[in-house]
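Q: Please take a close look at one part of this model, the largest pocket, and go through its lining in some detail. Then set that part against the rest of the chain.

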Amino acid sequence: MLQSLVKTVGVDTDRLIVLDALRKQRNVADYSGDLVEDAVVAECIKQAKELLVLTESWLKLSE
């Protein structure tokens with residue numbers, strides 16, 4: 001699903017790589033029970049907020 005963001009809302013490749021790395025980290029935590037470092041959580045929140053802004057802008061342009 002992440003890969004579709006490039007063509008839909010215009011996420012650049014560098015951001016996609018970061019989002020995919022965060023997704024992989026989440027999967028490790030989900031399946032192994034490993035703890036996620038605070039810095040990773042903070043980056044995930046930052047990326048989510050930026051993605052929300054980008055998506056809202058894209059939606060407004062689509063109206």
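**The pocket and its lining**

A: α3 makes the biggest contribution to the lining of the largest pocket, with 7 residues. The model is predicted: local features need pLDDT of at least 70, side-chain atom pairs need 80 or more, and totals for chains, interfaces and linings use all residues. Numbering starts from 1 along each chain as its sequence is written, and side-chain values use heavy atoms, without hydrogens or water.

The largest pocket has a volume of about 240 Å³, counted as the space filled by probe spheres set on the grid points, which are joined across faces, edges and corners. Of the 14 residues that line this pocket, L19, L22, R23, R26 and C44 are the closest to its centre. A pocket here is an open set of points on a 1 Å grid where a 1.4 Å probe fits, with protein on both sides within 12 Å along at least five of seven lines; lining residues have an atom within 4 Å of a point.

Two helices, α2 (13–32) and α3 (38–62), each supply at least two residues of the lining; helices are DSSP runs of H or I of at least four residues, strands are E runs of at least two, and both are numbered from the N terminus. By type, the lining holds 10 nonpolar, 2 polar and 2 charged residues (Ala, Val, Leu, Ile, Met, Phe, Trp, Tyr, Cys and Pro are nonpolar; Asp, Glu, Lys and Arg charged; the others, Gly among them, polar).

R23, one of the residues closest to the pocket centre, is joined through its side chain to the side chain of D20 by a polar contact of 2.8 Å (N or O atoms within 3.5 Å, one able to donate a hydrogen and the other to accept it; neighbours in sequence count only if both atoms are side-chain atoms). D20 lies in α2 and is buried, because its relative accessible area is 17% (buried is under 20%, exposed over 50%, partly exposed in between, with a 1.4 Å probe and protein chains only).

L19 and L22, also among the residues closest to the centre, both touch Q47, as do R15 and V18, when residues up to four places away in sequence are left out (a contact means heavy atoms within 4.5 Å). Q47 sits in α3 and counts as buried, because its relative accessible area is 5%. The side chain of Q47 also makes a polar contact of 3.5 Å with that of R15.

L16 is another residue of α2. L16 is buried, because its relative accessibility is 14%. Beyond four places in sequence, L16 touches L2, Q3, V6 and V11. Its C-alpha atom is 8.0 Å from that of L5, 11 residues away along the chain.

V11 turns up again in a pairing with T55: the two are 44 residues apart in sequence but 9.2 Å apart in space, C-alpha to C-alpha. T55 belongs to α3 and is partly exposed, because its relative accessible area is 23%.

As for the whole chain, there are 3 helices and 0 strands, in the order α-α-α. Its C-alpha atoms fill a box of roughly 40 × 20 × 20 Å along the principal axes. Of the 63 residues, 17% are buried. Among contacts with a separation of 6 or more, 48% join residues 24 or more positions apart.
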